[in-house]
Each structure stands twice: as C-alpha cells, then as structure tokens.
Amino acid sequence: MLEPGRHLVLGNVACAEGALRAGCRYFAGYPITPASEISHYMSAELPKAGGVFLQMEDEIASIASVIGASWAGAKAMTATSGPGYSLMQENIGYAHMTETPLVVVNVQRSGPSTGQSTDPSQQDIYQAKYGAHGDYEVIAISPWSVQEMFDLTVRAFNLAESYRTPVMMMSDGLIGHIQEKLIVPGEVDTVNRRKPTSKTSTPWGTDDPSLVPEMPAFGEGYKLLVTGSTHRPDGVRDMSPKYHQMTVYRIKDKILNAEPKIRDIHRVEMDDAKVAVLSFGASARPSLEAITQARKAGIKAGLFRLKTIWPFPESEVSELADQMDAIIVVEMNFGKLVKEVQRVVCGKTKVISLGKVGGQLPLAREVLEAIRREQQ
C-alpha cells in the first residue's frame, strides 16, 4: 500500500487504495477495460495485507464469489465495467435479497454492448438502480476526482457495512484513468457490520429502528441458511405474502429512511444562484468551470453536484426548484438523471437536459452557453 502522504496516481489505483484501507480483504474479478487497473493493483497489494485476490472465469463467478466471502466474514469487493456489470445483475439481486454487504465498482464505458471500450460514459446509472429484477433500494455514489476515488471507496464500504447492502461505486473511464494528486491519510474511519449479541440470531429480522439486522458469519456457530427465496427472519424459506411483504418493505425502508444520512451533495456558489447546474462524476468538472466563467460574466450560477446518486435526494432537489429560475442537468448519456429531476421538480421551474454520448465530456463552453440562454 502507499505510504501516508501525497502521491500522483491513477483514479483506479486510488480506488484500490481506498478499499484496502477500508478493510477490504477479498477481491474477485475479471479483467475489463477501463477497470482493469483495480484488479492489477489488488492482485499485488491485497495478499500483502493478509487478504485474498482471485481472478475468476467471468463476472458472474466474480460477484458470486464476493457474496460468499462476505458471508464468511470478509469485507469484499469486485470491479468491472458495463458488459460485466450486466452479467452481475442476477447475483446483485441475490445480494439485495440476502442483505449482503459488498462493494461493486463500475468504471463506466460507453455502450451499449462493447461500445467504446476505453472511453467514459455515465450510461449505467439506471442499471445501478433498476438492473436486478424485483423491488429494492440501492446506494450508488459517484466520484469526480482521484481523491474522491479513494475517499468514496472508503465510504462505500462503510455504507455497505452500516446498512447490510450492496453499494455501487459509479465511476467512469475518465476518472478511472486520470492521474491526479492523492493525499493518503494516516488512518481512515471504518465501520463494521453489527454482529449477533446472543447465542441465537435472526439474520433477516430486527426490532432495531435502523431496520438493519445483525449479521453472523459462517463458522461462528449459528444456524445459518442464506437463500434468495422469500424467507422468515431466521432464514427459513416461506413464500407467503406476509413474509415477502415484510422482507421487501424492510430492505427498501432501511435505505429510504436513512437517505438524509446517506445523502452527499457538493454545492458551489449556490447561496445566491438563480441557475443551478446539477451534475455528478466527471460531468461535474466542466460544469464547475462553466459556473466559474458565468460568475465572471455577472451571471448568478451555481453547481449542485450529487456525490450520492441513489437514493435520489428528492427533498433537496424540490427545495432547489423553489429557488431557481432554471436547473440544467449535465450528464454523459442521452438524459437519464434529468428524468428524476423533472419528476421531483414537477413543473416548479424549468429543467434543461444537457446530455452527451460518444465517449466525450460535455464541454465547459457548452454548459456556459446553456447557462447564458437561461439568463437572456
């Protein structure tokens, strides 16, 4: 691992460093651009930290292996890109149903299919939320720098452990491959899953207000049946409507009730802004430059950057709409997150979509032109 201090590294390397310092001790994956450097780095450094690295035969095996490692007591992670993320979705659904804490890093590439295998996009954000079948709620976070690749990977593990859920780290090819300054702290704050406090355990039921059950591990002496079928609090299969409703509502509510704690928004020049640029990840970088140029031109523009995409911060965006003449949503896709903004804003203010595909960032001048149009 890197020594504490200042370094110049790739975003993917910073992600791997963050995972190691968050306590990740198991990684299984299959090489895929533009995420491969995470696997390369973990293969070299994870064994030194007492962990296990496995290159699996494909992405299906990778996510299945990570789920098993988590139930054996390890903090576990995999990393992939679009096509591999698609292959993982069935087992991601299984991880939601079994409430398995793990981290999936998606260094997004431009699709569909093989697409532009080394170019960035933000086309998978709906897949993060809706990729698996059934009803559940997901936590998905979005870094915009090498430093945040480190910091938010640590946070992803802490969220996974806190809420016993898969957490999606939605990076992209630009942030994964850019080289920037990384400051590695001497230590990081980490969270560990709640372990059983008695000899008996109900791994899928709790009276705790958080709605997050305690989690035993295999080999600790508990009767433990882990199934993706509808189950009672003790894990025994029961397909009745009663238990299905109990399970699905709880795995949904434990995330939605905690949304104010999970929420993470970065605001720049928002105090007096009349035009808000709402963006996330790499797309927020030219957006920041655009609002800087707009301010120099006397236009009251601000940046509203989502570091947490899901759960979507509905109350914050609704309040934003009450204050703005317009909201410009900047993203590297045909316009996905803008639909969430439109749904929440519900006509209270103008919402403009500035989406771009082709493996290219929206340009700062394109964002600035959109801001100026709204102030004419």
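## An aromatic residue to start from

Is Tyr-126 buried, partly exposed or exposed, judged by its relative accessible area? In this predicted model, the relative accessible area of Tyr-126 is 21%, and the residue therefore counts as partly exposed, since the range called buried ends under 20%. Tyr-130 is partly exposed as well, with a relative accessibility of 48%. Both tyrosines belong to helix 5, which covers residues 125-130, and they stand 4 residues apart, or about one turn of that helix.

## Aromatic pairs and a cluster

The structure contains 5 aromatic pairs. One of them joins Tyr-126 and Tyr-130, whose ring centres are 5.8 Å apart and whose planes meet at 85°, so that this pair is edge-to-face. 

Tyr-126 also pairs with Trp-310, and here the ring centres are 6.3 Å apart while the planes stand at 40°, so the arrangement is described as tilted. This second pair connects distant parts of the chain, because Tyr-126 sits in helix 5 whereas Trp-310 sits in strand 13 (residues 308-310), 184 residues apart. Trp-310 is buried, with a relative accessible area of 1%. Together with Phe-312, the residues Tyr-126, Tyr-130 and Trp-310 make up one aromatic cluster.

Elsewhere, a charged side chain meets an aromatic ring: Arg-305 lies over the face of Trp-144, at 3.9 Å from the ring centre.

## The nonpolar cores

Trp-310 appears again in the largest nonpolar core, which has 53 residues, and is listed there among those with the most contacts inside the core, along with Met-168, Leu-278, Ile-327, Leu-337 and Val-341. Helix 3, running over residues 59-71, supplies the largest share of this core, with 6 residues.

Leaving aside residues up to four places away in sequence, Val-341 touches Leu-278, Phe-312, Val-317, Ile-327, Val-329 and Val-351. Separate from this core is a second one of 45 residues, which includes Leu-2, Phe-27, Val-107 and Tyr-163.

## The largest pocket

The largest pocket encloses about 300 Å³ of space. It is lined by 15 residues, and the closest to its centre are Gly-93, Met-97, His-133, Gly-134 and Gly-228.

Two or more lining residues come from each of helix 4 (82-98) and helix 8 (241-256). Helix 4 gives the most to the lining of this pocket, contributing 6 residues.

Conventions: Residues numbered from 1 in each chain as written. Predicted model: local features only at pLDDT ≥ 70, side-chain atom pairs only at ≥ 80, totals over all residues. Heavy atoms only, no water. Phe/Tyr/Trp six-rings, centres within 6.5 Å; stacked < 30°, edge-to-face > 60°. Buried < 20%, exposed > 50% of the residue type's maximum accessible area, 1.4 Å probe, protein only. Lys NZ or Arg CZ within 6 Å of the ring centre and 35° of its normal. Core = buried A, V, L, I, M, F, W, Y, C linked by side-chain atoms within 4.5 Å. Contact = heavy atoms within 4.5 Å. 1 Å grid on protein atoms, 1.4 Å probe; cavity = no way out; pocket = protein on both sides within 12 Å on 5 of 7 lines; lining within 4 Å. Points joined across faces, edges and corners; volume = space filled by probe spheres on them.
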